[in-house]
Structure formats: C-alpha cells, structure tokens
Amino acid sequence: MKKQYRVIPMAILSLFFIILDQVTKYIIVKTMDVGDSIPVIGDILKITSHRNYGAAWGMLQNQMVFFYIITVIVLVALIYFYIKEAANHLLMQTGLMLIFAGAIGNFIDRLFRGNVVDFIDTKIINYDFPIFNVADSCLTIGVFILLYELLFNQKEEKQHGNI
Ligand SMILES: CCC[C@@H]1OC(=O)[C@@H](C)C[C@H](C)CCCCC(=O)CCC[C@@H](CC)/C=C/C=C(\COC)CC[C@@H](O)[C@@H](O)C[C@H](O)CNC1=O
C-alpha cells in the first residue's frame, strides 16, 4: 500500500499555527505593556502580557544558546520520527505537526526577541498555572496526542499481535 505522509496538508496546518502564534504575540507586544492584564472570564482566564526568558515554568533563565540547540534537536527528531513512524498514521502526523509548529513559534521568539511572549493567564482550581501562549498549547496538545498514540497503538499492536 502506498505510504501516506500528507506532507502538504500538515505543512499548511503547521504554517497556520505558526502564523496564529506569531500574530497573537505581535498584538500583545504592540497593544500591551509587560504586566498589563485584561480579565476575559473573571479570575479564571486573563490576557496578561508576560515575557519568559526560560523554558516551561521559567526554568533555565537566559540559556538561549541551549534552547536553540534543544529546539534544533527536537525539530530534527520530529522530522526523522515523522518519516520513520508516521506513514499512514493521521493522529501521529497531527501530533508531530503540532509539536513542530509550537517549537518553531517559540524558536522565532527566542531568535528575534531574546525571550518568549506569553499571554494566556489561567487559574485552574485555584492553581495559578504559568502564563503560556499558542505555541505552548500546540506543543502540549501535540505531546499528549503522541503519548495517547504511543500508548493506544502499543495496546492495539498487542491485540493484533503484529509487534
Ligand atoms: C510547552 C513546553 C514549553 C516550551 O517548550 C519549548 O519551547 C520547546 C520547543 C523548547 C524548550 C527549550 C525545551 C523543551 C522543554 C520541555 C519542558 O519545558 C517541559 C514542559 C512540559 C510541558 C508538557 C508538554 C508542560 C507545559 C508547561 C506549560 C505549557 O502550558 C500550556 C507552561 C509554559 C509556560 O511556562 C511558558 O512561560 C513557557 C514559555 O512560553 C516557553 N515555552 C517553552 O519553553
């Protein structure tokens, strides 16, 4: 059976999320000062202009060269994994595309701003979750889709015994 990679649709979707990420960050930078906050849904969801000089939860502040290296490794690994494992796997292709788009989105910020623009400020069940952005959302959703695919797929393969 011909291997289906759906490269064009996935490239278009990836580009869409990268543009969405960059446009939202551009609007935040142009219309808000750092620290400004606009409530959307009371205290649960706010738009707060924030800059992160590190990774998730502000880890490893100002280690930009390290982040460039990690991001390039992540991007190369994604492409390799896509070619090797994602043929005919729409869900896996989608997960990889989302992680790819998210990594590029934050990479652009790190390259041209020296930090990452965050603005989605949520408080879930009284836990003040770190402020994040569209790229982080793509990364996180992509990671969860991959985890589901790898777990579910393992189970599916066990059922059919074609390990
Ligand atoms: C999402 C990965 C973080 C993202 O990684 C990236 O760019 C990648 C491509 C490059 C990094 C240099 C290397 C990966 C670090 C992995 C990591 O950190 C483990 C995280 C697990 C993850 C579950 C998958 C939790 C989620 C957290 C958050 C996301 O919530 C939706 C909070 C985001 C806020 O702290 C916000 O300030 C972060 C800021 O925007 C910069 N973002 C990054 O560094």
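**Exercise 1. In this predicted model, find which side chains and backbone atoms make polar contacts with oxygen atoms of the ligand.**

Solution. Start with Asp136: one of its polar side-chain atoms sits 2.5 Å from a ligand oxygen. Next, check Asp118, where an N or O atom of the side chain is 2.7 Å from an oxygen of the ligand. Then look at the backbone: a polar backbone atom of Ile131 lies 3.0 Å from a ligand oxygen. With a cut-off of 3.5 Å for a polar contact, Asp136 passes at 2.5 Å, Asp118 at 2.7 Å and Ile131 at 3.0 Å. As for cover, the ligand on its own has 830 Å² of accessible area, and the protein covers 81% of that.

**Exercise 2. Work out what kind of residues surround the ligand, and which helices and strand they come from.**

Solution. First, place the ligand: it's in the largest pocket. Now count the shell, which has 21 residues, with Asn52, Trp57, Arg110, Asp118 and Asp136 coming nearest. Sort the shell by type and you get 13 nonpolar, five polar and three charged. Finally, map it onto the fold: helices H2 (64–85), H3 (90–112) and H4 (134–160), plus strand E3 (116–124), each give at least two shell residues.

**Exercise 3. Compare the "transmembrane region" annotation with the helix content of the model.**

Solution. Begin with the record: an unreviewed UniProt entry puts this annotation on residues 7–28, 65–83, 90–109 and 129–151. Take residues 7–28: they're 100% helix and 0% strand, with end C-alpha atoms 32 Å apart. Then take residues 65–83, again 100% helix and 0% strand, with 27 Å between the end C-alpha atoms.

Notes
Residues numbered from 1 in each chain as written. Predicted model: local features only at pLDDT ≥ 70, side-chain atom pairs only at ≥ 80, totals over all residues. Heavy atoms only, no water. Near = heavy atom within 4 Å. Polar contact = N/O pair within 3.5 Å; in protein donor to acceptor, adjacent residues only side chain to side chain. Areas by Shrake-Rupley, 256 points an atom, 1.4 Å probe, with all protein chains shown as cover. 1 Å grid on protein atoms, 1.4 Å probe; cavity = no way out; pocket = protein on both sides within 12 Å on 5 of 7 lines; lining within 4 Å. Sits in = over half its atoms within 2 Å of the grid points. Helix = DSSP H or I, 4+ residues; strand = E, 2+ residues; numbered from the N terminus. Nonpolar A, V, L, I, M, F, W, Y, C, P; charged D, E, K, R; others polar. UniProt positions renumbered as here; feature names shortened; annotations may be inferred.
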